[in-house]
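Trainee: Could you take me through one part of this model closely? Pick a residue to start from, then work outward and give me the reasoning as you go.

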Amino acid sequence: MKINNICCIGAGYVGGPTMSVIAQKNPHINVTVVDINEKRISLWNSDDLSKLPIYEPVLDKVISEARGRNLFFSTDIDKHIDNSEMIFISV
């Protein structure tokens with residue numbers, strides 16, 4: 001099975017950074033991180049990368065490279081689970 005879409009449930013300290021690196025290193029795979037916390041998703045999607053909800057060195061650079069290309073953050077959990085071939089749970 002070819003993996004074209006990955007979904008990660010949980011946009012916290014593990015899910016967000018891990019999926020960001022996976023997206024950066026695999027530009028041919030769409031990676032969507034989903035969470036019920038709308039504020040957290042909004043921070044991941046912020047144009048101001050200093051407002052990311054998690055701090056890791058160079059995470060802002062990883063996000064700026066991959067977000068919008070093949071890295072997405074959403075609260076539409078069911079849609080992205082249904083559209084993915086691989087699902088990570090990081091809660």
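**A close look around R40**

Mentor: R40 has a relative accessibility of 29%, so it counts as partly exposed. Buried means under 20% and exposed means over 50%, so a value in between is called partly exposed. Keep in mind that this is a predicted model.

R40 lies in helix α2. That helix covers residues 38-44. Now look at what R40 touches. Set aside its neighbours within four places in sequence, and R40 is in contact with A11, G12, D35 and P53. Take G12 from that list. R40 and G12 are 28 residues apart along the chain, yet their C-alpha atoms are separated by 8.2 Å.

D35 deserves its own look. The side chains of D35 and R40 meet in a salt bridge, with N to O at 3.7 Å. The cut-off for a salt bridge is 4 Å, so this pair qualifies. The two partners differ in cover. D35 is buried, because its relative accessible area is 10%. R40, at 29%, is partly exposed.

How many salt bridges does the whole structure hold? A full search finds two. The other joins the side chains of E65 and R69, at 3.9 Å from N to O. Here both ends are partly exposed: E65 has 41% relative accessibility, and R69 has 36%.

Back to helix α2, at its other end. W44 sits in this helix. Which aromatic pairs does the model contain? A search of the whole structure finds one. It is made by W44 and F73: the ring centres are 4.9 Å apart and the planes lie at 5°, so the pair is stacked. Under 30 degrees between planes is the cut-off for that label, so 5° fits. The pair links distant parts of the chain, with W44 in α2 and F73 in strand β3 (residues 71-74), 29 residues apart. Both W44 and F73 are buried.

W44 also leads to helix α1. P17 is in contact with W44, and also with G12, I54, E56 and L59, leaving aside neighbours within four places in sequence. So G12 turns up twice, because it is in contact with R40 and with P17 under the 4.5 Å contact cut-off. P17 is placed in α1, which runs over residues 15-25. At 12% relative accessibility, P17 counts as buried. V58 is 41 residues from P17 along the chain, and their C-alpha atoms are separated by 10 Å.

P17 has buried company in α1. The buried residues of that helix are G15, G16, P17, M19, S20, A23 and Q24. What covers them? The cover includes β1 (5-9), β2 (30-34), α2, α3 (59-66), β3 and β4. Helix α2, where R40 sits, is thus named in that cover.

From the cover of α1, step to β1 (5-9). C7 has 0% relative accessibility, so it counts as buried. C8 is buried too, because its relative accessible area is 1%. Are these cysteines bonded or free of a disulfide? The structure holds zero disulfides. C7 is in no disulfide, and the nearest cysteine sulfur, that of C8, is 7.1 Å away. The cut-off is 2.5 Å between sulfur atoms, so 7.1 Å rules the pair out.

C7 has a contact in helix α4. H80 touches C7, T32, V34 and S74, not counting residues up to four places away in sequence. H80 lies in α4, residues 77-82. Its relative accessibility is 16%, so H80 counts as buried.

Finish at the surface. I87, I89 and V91 make a nonpolar surface patch of about 350 Å². V91 lies in the segment after β4 (86-89). With 86% relative accessibility, V91 counts as exposed.

To recap the starting point: R40 is partly exposed at 29%, and its side chain meets that of D35 in a salt bridge. R40 also contacts A11, G12 and P53, among others.

Notes. Residues numbered from 1 in each chain as written. Predicted model: local features only at pLDDT ≥ 70, side-chain atom pairs only at ≥ 80, totals over all residues. Heavy atoms only, no water. Patch = residues over 30% accessible without salt bridge, like charges linked within 9 Å, V, L, I, M, F, W, Y side chains within 5 Å. Areas by Shrake-Rupley, 256 points an atom, 1.4 Å probe, with all protein chains shown as cover. Helix = DSSP H or I, 4+ residues; strand = E, 2+ residues; numbered from the N terminus. Buried < 20%, exposed > 50% of the residue type's maximum accessible area, 1.4 Å probe, protein only. Phe/Tyr/Trp six-rings, centres within 6.5 Å; stacked < 30°, edge-to-face > 60°.
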